[in-house]
Amino acid sequence: FGTLTAAVTTADLVSTLQGDGPFTVFAPTNAAFAKLPDGTVASLLEPKNKKQLTKILTYHVVAGEFKANDVVSAIKKSGGSFTVETVSGDKLTASLQNNTVILTDENGGTAAVTQTDVDASNGVIHVIDTVVLPN
């Protein structure tokens, strides 16, 4: 999670994410960031792009603590997909595909949850394999 850590630090979100919460964070791996077009991460880490970086990072955070069972239950109760508002104010839609939670961003991009329920002091982290992007 080195890329995610660097991005959170650059966007000055460390204190926010260490706040009271609770938060649910969908955390992209380094490999997820590597899937972005060449130069994207370096560009986002430039000071002039802090606002855009902050929006992307807060798009991966939901207010409240939602464990994997909570997410799966919400999907099933909502008829196969469940839309949630992120801290950025944008929407992510969760669905199930072969018993894996899939997040669909506002652009139609998808990310699979590859690890669930990583406890944090102020919430929970779910690891995803792709960076999701707000509209």
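Which residue in E5 does alanine 94 stand opposite? In this predicted model, the partner of alanine 94 is leucine 103. The pair belongs to strands E4 and E5, residues 91-97 and 100-104, which are joined in the antiparallel sense over 5 bridges. The hairpin of E4 and E5 has 2 residues between the strands, and asparagine 98 in this hairpin adopts a positive phi near 55 degrees.

Both members of this pair also face residues in other strands. On the E3 side, alanine 94 in E4 stands opposite phenylalanine 82, and the antiparallel pairing of E3 with E4 comprises 5 bridges. On the E6 side, leucine 103 stands opposite alanine 111. Strand E6 spans residues 110-120 and pairs with E5 in the antiparallel sense over 3 bridges. E5 and E6 likewise form a hairpin, here with 5 residues between the strands, and glycine 108 in the turn has a positive phi of about 90 degrees. In general, strands of a sheet pair through backbone hydrogen bonds, in either a parallel or an antiparallel arrangement.

These strands are part of an open sheet of 7 strands, arranged in the order E2-E1-E7-E6-E5-E4-E3, with mixed pairing. Strand E2 (61-63) and strand E3 (81-85) form the edges, each pairing on one side only. From one strand to the next, the twist averages 30 degrees. Helix H6, made up of residues 68-77, lies across E3, E4, E5, E6 and strand E7 (123-128). Relative to E4, helix H6 runs at about 90 degrees.

The pocket analysis involves several of the sheet strands together with helices from elsewhere in the chain. The largest pocket has a volume of about 460 Å³. Its lining consists of 24 residues, of which Leu4, Val8, Leu17, Val25 and Ile125 are the closest to the pocket centre. Two or more lining residues are given by each of helix H1 (2-10), helix H2 (14-17), strand E1 (23-28), E6 and E7. Strand E1 supplies the largest share of the lining, namely 5 residues. By class, 17 residues of the lining are nonpolar and 7 are polar, while none is charged.

Terms used: Residues are numbered from 1 along each chain as its sequence is written. This is a predicted model: local features need pLDDT of at least 70, side-chain atom pairs count only at pLDDT 80 or more; totals for chains, interfaces and linings use all residues. Side-chain values use heavy atoms; hydrogens and water are left out. Two strands pair if DSSP finds at least two bridges between them. Helices (H or I, at least four residues) and strands (E, at least two) are DSSP runs, numbered from the N terminus. Axes are lines fitted to C-alpha atoms, for helices over the stretch in contact, and angles run from 0 to 180 degrees between N-to-C directions. Contact means heavy atoms within 4.5 Å. On a 1 Å grid over the protein atoms alone, a cavity is a set of points where a 1.4 Å probe fits but cannot get out, and a pocket is an open set with protein on both sides within 12 Å along at least five of seven lines; lining residues have an atom within 4 Å of a point. Grid points are joined across faces, edges and corners, and a volume is the space filled by probe spheres set on the points. Ala, Val, Leu, Ile, Met, Phe, Trp, Tyr, Cys and Pro count as nonpolar, Asp, Glu, Lys and Arg as charged, and the others, Gly among them, as polar.
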